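User: I am new to this structure and would love a guided close look at one part of it. Could you walk me through it slowly?

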Amino acid sequence: MFRFLLRRLALTVPTFLALMFVTFMMIRMVPGDPIEVRRGERGISPERLAELRHEMGLDQPIWKQFVDYVWGLAHGDFGVSIITKNPVLQEFLTLFPATVELSVCALLFAVIIGIPAGVIAASRRGGVYDQSLMGLALTGYSMPIFWWGLILILLVSNTLGWTPVSGRVDLIKYYYPSVTGFMLIDSLLSGEKGAFADAVRHLILPTIVLGTVPLAVIARMTRSSMLEVLEEDYVRTARAKGLAPYRVIGIHALRNALIPVVTVIGLSVGSLLAGAVLTETIFSWPGVGKWLIESIGRRDYPALQGGILLISSIVIVVNLLVDLTYGLINPRIRHAR
Amino acid sequence: MKRTITLASALLVSTMLAAGAAGAKTLVYCSEGSPENFTPALNTTGTSLDAARPVFNQLVEFERGSTNVVPSLAEAYEVSPDGLTVTFKLRKGVKFHSGVNGFTPTRDFNADDVLWSFERQWKADHPYNKVSGGAFDYFNDMDMPNLLKSIEKVDDLTVKMTLNEPNAPILANLAMDFGTIESAEYAKFLLDKGKPEEFDQLPVGTGPYQFVAYQKDAVIRFKAFDAYWGGKAKIDNLVYAITPDATARYAKMKAGECHVMGYPNPADLEAMGKDEGLNLMHQAGLNIGYLALNVKKPPFDKKEVRQAINMAIDRDSILKEVYQGAGQKAKNLIPPTIWSYNDAVKDYEYNPDKAKELLKAAGVETLSSDLWWMPVQRPYNPNAKRMAEMMQADLAKVGITVELKSYEWGEYRKRLQAGEHQMGLLGWTGDNGDPDNFFFLIGCTGAREGGQNISKWCDQSFEDKLQQAKKLSEKADRAKLYEEMQVIAHEEAPNVTIAHSTVYEPVSKKVSDYKISPFGRHEFYGVDIAE
């Protein structure tokens, strides 16, 4: 187990280095200078431009900039945003809890609904339920997030008035300090009546929108994996022994069927963060997705580099954890060399 | 560290707010983005300037909803007969906000604050000059370093500004956001604490609203400042709900989650007009979208060719299709909301036949030209590519073959300013409502390579009037010159003036006394809301 962990950790190092290099270079290949891109019609005089570029170190040869950047990173310095002049790490940490809160809720939503839906579909293969469920899943998978979000807002918030349109808190009614950055926790800490319910209400639509694609993927994956497992000899044996169907499916089949599903869940952390970019924009959710998109528009190199690096490391770590859970689900993987 | 400070101040204020919450009036403005910081002198984007504006005042300010310059922190000012000195008499007893970031002012606003605020932008040895990156774009762009000879404190309540040459537009410049007066005492307080960068993040000013808290990408909170020199604001809590998507902003308006929003989606305007709960306010924007004809590239050196192009382009169709009706056809470079607008100028009519005749008379049988379009959406031009395509089609009808071209925005601007194009789309949004702030765009100074006059047109009689008008202090005398200049510019036609776009703002019917700013500002002092 320890060796397995060590080997996996060692593998993340080159991934990380490659990522650092690619991000750094790719941002610089996008046309547009971070200083010039922000200027209006007036533009900027060449002298002033040179002065500002010098201040930001952009006049250095690119390899030097890269070396400086890596050197800074090695010392825990992610640099300073070109736009706000705040440390990148501080900006990231301010915004990250919102993204985590939303992503966790979306993932829970996807898992809690997706796995049972997939199991039921598989156990009634070919039936009306199976077909309609898989049809829905396909629709969900191909749903354009932006459109889906706006439709839900118009329908659920504007027409039915069930949920707030966007944001994380009713700004007119509530004002409590952000202690953890997680609204579900902060609203409880505030002790204000109704604050928690308000935070939950604000989470509903973004959770559904962000959770839709992973939900569809998980449901389909569970179904096909279940179908495969249900054909196995040991399932037939379990059935022949006269075990109750829920035991056969729930214990004997599901546990084995879950391995690919867990992989998919791990991988969907990456796509959740990608989906968060759009979801956060529609729902005015103050997370890192929106921040990254703005940083691209503004060519805020340090913010982009730092943000991508931090997010990628999280994805890498999550996938590492996922690999470790295989061992829990299926002991055979643990012993494999 | 900063988070903990914001947190502490937030905690403090939250208890204050909770105590006075009953019956408090709250107005929520759905803004479009997060500010870069709260010091207007450092910023150029409307988003950042809007976010800082409730907190601050300038010496003189624009009357809300207009371009008129009126006294603010200076209750009076006097321009010397030679136009070289401006003396400001400062308002007495003006208080700075107390309790923000642990700062309690010990004195009222005075001349030291004025000197501090301008010198920060002007003098490299100022202790705050380099803080927060220190790029004072507007101060430099408005040519202040060359205009100013000195700023002196005569006494606590008198400041004397000496100029290098007479300059009438300078008062309008000082009403701009970069002319904001900040607290020298707060600056020193933070410097002593070793945290100067907090100065631009947790603002202290003299304005109608006091800063309470800011959460990036989520919300900015202000509360009415009890001791405001102009009288306490009618709204107790002013909240900016940061909502980047225009459609989501409108949905929030409909749900009553905000009361005012900026920058509506043009596609939503029709529905907004019919919405019972909203007033869809609008005003002609302080801007111009134009097609510059580079007079350095023959045959555009011929006046007749330029006039012919003016007649060949069907601007009515462009207004309908590109601006979706949210614009006004432009016959002058300045919009009609700016004083000295010459309404007697007769617009070029759309007439392809006449255009062909003019081209023929100028000896131009066939002509191929490039036409550049901006890669970005701007307030004065919502879709430059579409506009360029329509122009291409129009010009083909009079025998001009047009090749469309574009570059990345920074590159685009640079190449246009260098004069590489034959025809190029660009535009302008006014900074201070002074006619000079528009006409310099076609003056001789800007016609040099790299200058902002991208038609590179330089007419001596136009230029003489432009320079003369800057030095006169009587508005009526200046207006006369600007009116004459519009006649010249129309006849010489260095540009095709296309449109002034209309600014729309949906405002909840609960809100009263809101005024649309010609500058595209969003201002809430003087605004009221029904509970």
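What pattern does chain A follow when read along the sequence? After that, please take me to the open sheet of 4 strands in chain B: in which order do its strands lie?

Analyst: Happy to help! Please keep in mind that this is a predicted model.

Let's begin with chain A. Read along the sequence, chain A follows the pattern α-α-α-α-α-α-α-α-α-α-α-α-α, which fits its count of 13 helices and 0 strands. The C-alpha atoms of chain A fill a box of roughly 85 × 55 × 40 Å along the principal axes. Of its 337 residues, 37% count as buried. Among the contacts in chain A between residues at least 6 apart in sequence, 72% join residues at least 24 apart.

Chain B, where your sheet is found, has 17 helices and 20 strands. Along the principal axes, its C-alpha atoms fill a box of roughly 75 × 55 × 40 Å. The radius of gyration of chain B is 25 Å, which agrees with the value near 24 Å that a compact globule of 531 residues would have. Buried residues make up 52% of those 531 residues. For contacts in chain B between residues at least 6 apart in sequence, the share that joins residues at least 24 apart is 71%.

Now for the close look. The sheet in chain B is open, and its 4 strands lie in the order β4-β5-β7-β6 with antiparallel pairing. At the edges stand β4 (74-79) and β6 (148-155) of chain B; each has a single partner strand, so one side of each is left without a neighbour in the sheet. From one strand to the next, the twist averages 20°.

What holds such neighbours side by side? Strands of a sheet pair through backbone hydrogen bonds, either parallel or antiparallel.

You can follow one of these pairings at the β4 edge. There, β4(B) pairs with β5 (residues 85-90) of chain B in the antiparallel sense, over 5 bridges. To find a spot on screen, look for A76(B): its bridge partner in β5(B) is K89(B).

Finally, a helix joins the picture. Helix α3 (residues 111-122) of chain B lies across β5, β6 and β7 (158-163) of that chain. Relative to β6(B), helix α3 of chain B runs at about 160°.

To retrace the tour, you could start from β4(B) and β6(B) at the edges of the sheet, then look for helix α3 of chain B lying across β5, β6 and β7.

Key:
Residues are numbered from 1 along each chain as its sequence is written. Chains are lettered from A and ligands numbered from 1 in the order in which they are written. This is a predicted model: local features need pLDDT of at least 70, side-chain atom pairs count only at pLDDT 80 or more; totals for chains, interfaces and linings use all residues. Two strands pair if DSSP finds at least two bridges between them. Helices (H or I, at least four residues) and strands (E, at least two) are DSSP runs, numbered from the N terminus. Axes are lines fitted to C-alpha atoms, for helices over the stretch in contact, and angles run from 0 to 180 degrees between N-to-C directions. Two residues are in contact if their C-beta atoms, placed from the backbone, lie within 7 Å. A residue is buried if 20 or more other C-beta atoms lie within 10 Å of its own, exposed if 12 or fewer, and partly exposed in between; C-beta atoms are placed from the backbone. The radius of gyration is taken over C-alpha atoms; the globule rule is 2.2 Å times the number of residues to the power 0.38.
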